[in-house]
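Work through the two exercises below with the model open, taking the nonpolar cores before the contact between domains.

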Amino acid sequence: MAQAVVIGAGPAGLMAAEELARAGCKVLIVEAKPSVARKFLMAGKSGLNLTKDEPIDDLMHAYGTAGDWLRPMIGEFDAQIVQNWARDLGQELFTGSTGRVFPKVMKASPLLRAWMTRLAEMGVELRTRWRWTGWDGAALRFDTPEGAQLASADVTVLALGGASWSRLGSDGAWAPLLTDRGVELAPFAAANAGVLVNWSDHMKPMFGEPLKGVALHAGDTRTRGEAVISQRGLEGGGIYTISKPVREGAVLIIDLLPDLSEADVIKRLSKPRGKSSMANHLRKALKLGAARMALLQEFGRPLPADITDLARLIKGLRIDHAGLRPMDEAISTAGGVRQGALTDGLMLTAIPGVFCAGEMLDWEAPTGGYLLTACLATGRWAGRSAAEYLRQTG
């Protein structure tokens, strides 16, 4: 039997291992951490968002410029197939109002246990606490608790993650190992990250408060997602969606009343306010709530006396920020192995027989099921391509 080594036991690596085992290969999964899929389990703590149940064209739009590259891979493992795969592992699913798909138990651990059981039954072996450190001739070299170890492989799949959440295993330490072998990489950058804001003291009571009923704009991206005011800035799904244009230098604008036109806001503000202060008038006339009012005061003071200017400010509040949170605090990263360094089957052209999958590839997507869908799809694609490579090379 051909020996296949999969390095990295996240969703992409596990999917590649499953495909190789189905093709009749002897598969060894090697993981640097003491246990598998740590980032997958962490993501599932707040509810494992498996995929987004939407047509393939809508699904692919989330991947931006990488969409054309990823489309064949995701097309063969799209939102519906992801759901069928999870159900086959015994998971009951439900779809939320926004199309996001979750296991009914919400957690990632039951699915992972069932998946690892399946892989074990297929004969897949696992070594943990084995950190890949490159090659020794044709062999793979690892640091292990027992010292340096070598492993031979007829084919290798690298599924080593990006460069965020290093404590969970995605530290990007693999990058120099590939560049030393002539593999072209795009620089890592934070994706799906919070925005750093140096708040004034009056914002302290708002820390932890949700920011609802707003629209966020940055560059050509607009979203109605929610955010949370945290001690260090703004976080949450809405912020993550616009983190790419913010990273690229676009101005961050928040529309505090996206369901009202500027004319509607002017009309409401034009009502007599009597002896009420402007702050109370805003609360009564516009029902902004504490969080939106605090944000308006933070970035709009002194508030314009002219009602038209005030309405314009409310509809387009510019957020002064200090950029994105550090890369290691980001949910995911952009950058990694460039498309041009790979064959259509995700094999490195500089290192025949070595394939790549998951977040270590140069793509990014917002949260909402898109990240996991692409990791599963590219892992499956790489595993199948590696098996085909073995068949052709004998």
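**Exercise 1.** Identify the residues that touch the most other members of the largest nonpolar core.

Solution. The largest nonpolar core, a set of buried Ala, Val, Leu, Ile, Met, Phe, Trp, Tyr and Cys residues joined through side-chain atoms within 4.5 Å, where buried means under 20% relative accessible area with a 1.4 Å probe and protein chains only, has 86 residues, and Leu20, Val27, Trp132, Leu178, Val337 and Trp363 touch the most other members. Helix H14 (residues 370-393; a DSSP run of H or I of at least four residues, numbered from the N terminus) gives the most to this core, with 11 residues. A second, separate core has 43 residues, Ala190, Val195, Leu296 and Phe299 being included in it.

This is a predicted model, in which local features need pLDDT of at least 70 and side-chain atom pairs pLDDT 80 or more, while totals for chains, interfaces and linings use all residues. Residues are numbered from 1 along each chain as its sequence is written, and side-chain values use heavy atoms, without hydrogens and water.

**Exercise 2.** Describe how domain 1 and domain 2 are in contact.

Solution. Begin with the bounds, which come from an automatic or database domain assignment: domain 1 is 3-190 + 333-393 and domain 2 is 195-324. Next, 6 residues of domain 1 are in contact (heavy atoms within 4.5 Å) with 6 residues of domain 2. The buried area, that is, the accessible area (1.4 Å probe) that two parts lose on being put together, summed over both, is about 460 Å², with 51% from carbon and sulfur atoms. On the domain 1 side, Ala190, Glu364 and Thr367 lose the most area, together 65% of what that side buries. Finally, Glu364 forms a salt bridge (side-chain nitrogen of Lys or Arg within 4 Å of a carboxyl oxygen of Asp or Glu) with Arg247, the closest N and O atoms being 2.7 Å apart.

Terms used: Buried means under 20% relative accessible area, exposed over 50%, partly exposed in between (1.4 Å probe, protein chains only). Helices (H or I, at least four residues) and strands (E, at least two) are DSSP runs, numbered from the N terminus.
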